[in-house]
Amino acid sequence: MIYTVTFNPAIDYIVNVSHFKTGEVNRVNSDIKYPGGKGINVSRVLNNFGVDTKALGFIGGFTGNFIKNYIEDEGVKTDFINVKEDTRINVKLKSNEETEINGYGPTITEENLNSLFDKIKKLNSEDILVLAGNVQKSVPRDIYAQIQNICIKNNVKVVVDTTGEALLNTLKNKPFLIKPNKYELSEMLNVDIDNMDDIIHYAKKLIDMGAQNVIISMAGDGALLICNEGVYKATTPNGAVKNSVGAGDSLIAGFLASYYKEEDILKAFKLSVATGSATAFSLDLCTKEYAMSLINQVDIKKIS
Ligand SMILES: Nc1ncnc2c1ncn2[C@@H]1O[C@H](COP(=O)(O)OP(=O)(O)O)[C@@H](O)[C@H]1O
Ligand SMILES: O=P(O)(O)OC[C@H]1O[C@](O)(COP(=O)(O)O)[C@@H](O)[C@@H]1O
């Protein structure tokens, strides 16, 4: 089973406004609410691919229930821990530019954390665990590293998709896969990144620091994979972007949907990029059929 953990789920409130102006009353052309948060998105796409997945994490209030009911109706299994405050709402404003306002999120207590640890202790070597998204300020910065330590004992593969210090803290525990985008790569290592050589150089540093496989996602410029076999670059398929929220999460889901079945890193990389793009070209997260229809347009080249 592929488990995901989302510490800070969100309702993604997508708002389309033709010509957004600050300091004025703006009327929406259309709006829609989706369940969001990185691990939840990964589980939703895995479920679309027919892969058995369970979403763990913390939800609260009516906003939390919206997420739970929505994804359970789609067929995603859940085992959330209820917290006292409401799950956050993240606003994704689509106008001439895309603007995101991500909420703060509810407090997580030590008791909440212990309940999560108990659930994770039950995973075994057949399972994969995805730790995805930012964690609330109330949570220790090394929480993902603490969870990895439980997983190491039970031989569970761990994928980490977060940023900054929280991600750096996980490297010593050798995560199976990490997926910073190029801005997150530059931010976490506190370096300027100007070109592809810089991206490769710093992505290799993450391998030296402990990551087993690194994907650097680069939106419309595709993605890079750094693994045991070398460095590979993937192009993206052609298409018109409708909503890129969740494209990175979809990339991870596509990777795992393939890897879980075939354990072939390069095949998984190809599907991952097709899946990320399929979501970017869709209003909601993509279907399996759409991702599969794009896969032959993804060109992968070994670059070193
Ligand atoms: N504009 C785009 N055109 C085509 N594919 C895209 C576009 N934006 C995102 N994608 C796909 O989604 C993947 C992840 O997107 P990216 O924006 O890099 O991740 P994140 O959402 O984590 O920042 C990319 O590697 C690519 O496959
Ligand atoms: O946990 P964070 O970093 O605040 O991000 C949460 C947001 O990221 C998303 O999971 C989308 O992530 P990506 O676009 O990077 O795939 C949204 O659903 C959610 O609003």
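**Annotated domain, ligand shells and helix packing in a predicted model**

The UniProt record, an unreviewed entry, lists residues 10-281 as "domain: Carbohydrate kinase PfkB". The structure described here is a predicted model. Within it, the span 10-281 is 40% helix and 24% strand, and the C-alpha atoms at its two ends lie 22 Å apart.

Two ligands were examined for their surroundings. Ligand 1 has 17 residues around it, of which Ser-217, Gly-220, Ala-247, Gly-248 and Gly-276 come nearest. Two elements give two or more residues to this shell, namely helix 8 (247-262) and helix 9 (265-280). Helix 9 provides the largest share, with four residues. By class, the shell around ligand 1 consists of eight nonpolar and nine polar residues, and no charged residue takes part in the shell.

Ligand 2 is surrounded by 16 residues, and the closest are Gly-36, Asn-90, Gly-133, Gly-248 and Asp-249. Strand 2 (10-16), helix 1 and helix 8 each give two or more residues to the shell around ligand 2. Helix 8 gives the most, with three residues. The shell around ligand 2 is made up of three nonpolar, 10 polar and three charged residues. Gly-248 is listed among the nearest residues of ligand 1 and among the closest residues of ligand 2. Helix 8 likewise appears among the elements of the shell around ligand 1 and among those of the shell around ligand 2.

Helix 1, which comprises residues 38-48, is mostly covered, with 11 of its 11 residues buried. The buried residues of helix 1 include Lys-38 and Arg-44, as well as Ile-40, Val-42, Val-45 and Leu-46. Asn-41, Asn-47 and Asn-48 are also buried in helix 1. Just after this helix, Gly-50 adopts a positive phi of about 80°.

Helix 7 presents a two-sided pattern. The helix runs over residues 196-208, has 13 residues and reaches 18 Å from its first C-alpha to its last, close to the 18 Å expected at 1.5 Å a residue. Ile-199, Ala-203 and Leu-206 are buried in helix 7. These residues are on the same side of helix 7 because they cover an arc of only 45° around the axis. An α-helix has 3.6 residues a turn, so residues three or four places apart point the same way. On the other side of helix 7, Asp-197, His-201 and Asp-208 are exposed. The buried residues of helix 7 pack against two helices, helix 5 (164-171) and helix 6 (182-189), and also against strand 10 (177-178), strand 11 (213-217) and strand 12 (223-227). Just after helix 7, Gly-210 has a positive phi of about 135°.

In helix 6, the buried residues are Lys-182, Leu-185 and Met-188. Viewed down the axis of helix 6, the buried residues fall within an arc of 130°, so they line one face of the helix. Their packing partners are helix 5, helix 7 and strand 11. Helix 5 and strand 11 are also among the elements against which the buried residues of helix 7 pack.

Positive phi values also occur at residues other than glycine. Asn-190, which follows helix 6, has a positive phi near 55° and is placed in the loop between helix 6 and helix 7. Asn-190 counts as exposed because it has 7 C-beta neighbours inside 10 Å. Lys-174, which is not a glycine, likewise has a positive phi, near 55°. Lys-174 lies in the loop between helix 5 and strand 10. With 13 C-beta neighbours inside 10 Å, Lys-174 is therefore classed as partly exposed.

A further loop residue, Asn-96, is located between strand 6 (88-94) and strand 7 (98-101). Asn-96 counts as exposed because it has 9 C-beta neighbours inside 10 Å. The C-alpha atoms of Asn-96 and Ser-18 are separated by 7.3 Å, while the two residues are 78 residues apart along the chain.

How values were computed. Residues are numbered from 1 along each chain as its sequence is written. Chains are lettered from A and ligands numbered from 1 in the order in which they are written. This is a predicted model: local features need pLDDT of at least 70, side-chain atom pairs count only at pLDDT 80 or more; totals for chains, interfaces and linings use all residues. A residue is near a molecule or strand if its C-beta atom, placed from the backbone, lies within 6 Å of it. Ala, Val, Leu, Ile, Met, Phe, Trp, Tyr, Cys and Pro count as nonpolar, Asp, Glu, Lys and Arg as charged, and the others, Gly among them, as polar. UniProt positions are given in the numbering used here, feature names are shortened, and annotations may be inferred rather than shown by experiment. The expected span of a helix is 1.5 Å times one less than its number of residues. A residue is buried if 20 or more other C-beta atoms lie within 10 Å of its own, exposed if 12 or fewer, and partly exposed in between; C-beta atoms are placed from the backbone. The arc is that of the directions from the helix axis to the C-beta atoms. Two residues are in contact if their C-beta atoms, placed from the backbone, lie within 7 Å.
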